[in-house]
Amino acid sequence: MRECRTDLLFGAVMLPRSIGVTDVPTGAAASALADVVPADANFRLHVGVMMNRKTLLGLPTRWSAIWPRNVEIAEIFTAHPRVLNVLHYADYNASGLTPPLAAALCFTGPHLHAVQLDMIWPDVRALVRFRARYPFLESVILQIGLPALKMCGGDWRAACRAVAAYGAAIDGILIDMSMGLGVLLDPARTDECVAIARAELPDLRIAIAGGLGSETVSLIEPILAKYPGISIDAAGRLRPSGNSSKEKLSLPMAEAYVRAASALFVRYP
């Protein structure tokens with residue numbers, strides 16, 4: 001029986017902003033990418049690893065060639081001081097929250113910092129129970145993707161009200177209309193979403209994603225200049241196809257993106 005942690009390891013530590021790379025394949029790759037981040041930076045590298053119900057159970061899935069096996073995740077999450085290790089748990093069919101997440105945490109090892117829920121409005125009570133059970137998590141992040149926004153009638157203020165219902169059970173949101181497909185974000189629309197989220201959810205950390213890579217990350221420069229503390233995440237455009245469902249991460253492309261993003265983050269502390 002694999003032992004699962006429920007201990008208070010990190011406590012209620014305020015997360016710094018981060019530059020996210022999702023689908024980091026190995027611990028060595030995570031460390032290499034973290035080394036690109038300046039040693040004195042006030043931000044960390046968000047190392048994202050994907051999991052869903054099938055990969056949790058060790059079953060074949062269309063993501064098997066892209067995502068790690070459950071037993072490989074703990075090795076990816078290293079103790080590098082400039083790394084923020086985040087398990088991204090995807091369940092867009094609302095098959096349940098607490099039991100699979102509890103099982104997923106059995107595979108993350110001792111260096112997990114946060115969990116991102118790639119879900120469409122998970123049950124509030126279940127999420128409150130999950131957060132209470134695992135106080136060692138620095139953060140629980142909720143992805144707000146296109147399906148979640150559509151359920152709110154496309155109204156970002158309504159989406160923020162839905163986020164507010166979770167209370168202290170979440171402390172970060174990811175604004176992500178691309179959802180790993182490499183679709184480039186709309187800077188003006190993203191700016192509007194961030195402005196509304198900052199006004200409606202002033203205590204939550206905000207991250208944005210959508211087709212970011214070394215050649216496109218400059219699009220968010222006005223947002224970083226306007227809204228201190230914003231984090232970012234990238235997946236699709238860190239591989240030649242531009243789509244995270246088609247091939248594994250390209251380490252050279254990821255390194256170029258982290259280097260370009262780091263320069264922006266240093267410019268706008």
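**Threonine 26, helix α1, the nonpolar cores and the cysteines**

Threonine 26 is located in the loop that connects β1 (17–22) to α1 (27–34). The model examined here is a predicted one. Within it, threonine 26 is partly exposed, its relative accessible area being 33%; this value falls between the limits of 20% for buried and 50% for exposed residues. When neighbours within four places in sequence are set aside, the contacts of threonine 26 are with Glu75 and Ile76. A further relation across the sequence involves proline 68, which is 42 residues from threonine 26 along the chain, while the C-alpha atoms of the two residues are separated by 8.7 Å.

Helix α1 follows this loop. Its buried residues are Gly27, Ala29, Ala30, Leu33 and Ala34. Viewed down the axis of α1, these buried residues occupy an arc of 160° and therefore line one face of the helix. The elements against which the buried residues of α1 pack comprise three strands, β1, β2 (43–51) and β3 (83–91), together with the helices α3 (73–76) and α10.

In soluble globular proteins, nonpolar side chains tend to be buried together. In the present model, the largest nonpolar core contains 81 residues, and those with the most contacts inside it are Val21, Trp156, Ile173, Ile232 and Tyr257. The greatest contribution to this core comes from helix α10 (residues 251–267), which supplies six residues. Another core, of seven residues, lies apart from the largest one and includes Leu84, Val86, Ala114 and Leu174. Tryptophan 156, one of the residues with the most contacts inside the largest core, touches Ile144, Leu149, Ile173, Ile175, Arg189, Cys193, Ile196 and Ala197 when residues up to four places away in sequence are not counted.

A search of the whole structure for disulfides returned zero. For cysteine 152, the closest cysteine sulfur is that of cysteine 160, at 9.1 Å, and this separation is too far for a bond, given that a disulfide requires sulfur atoms within 2.5 Å. Cysteine 160 likewise takes part in no disulfide, the nearest cysteine sulfur to it being that of cysteine 193, 8.0 Å away. Cysteine 152 counts as buried at a relative accessibility of 16%, and cysteine 160 also counts as buried, at 2%. Cysteine 193, for its part, is among the residues touched by tryptophan 156.

Methods
Residues numbered from 1 in each chain as written. Predicted model: local features only at pLDDT ≥ 70, side-chain atom pairs only at ≥ 80, totals over all residues. Heavy atoms only, no water. Helix = DSSP H or I, 4+ residues; strand = E, 2+ residues; numbered from the N terminus. Buried < 20%, exposed > 50% of the residue type's maximum accessible area, 1.4 Å probe, protein only. Contact = heavy atoms within 4.5 Å. Core = buried A, V, L, I, M, F, W, Y, C linked by side-chain atoms within 4.5 Å. Arc of directions from axis to C-beta.
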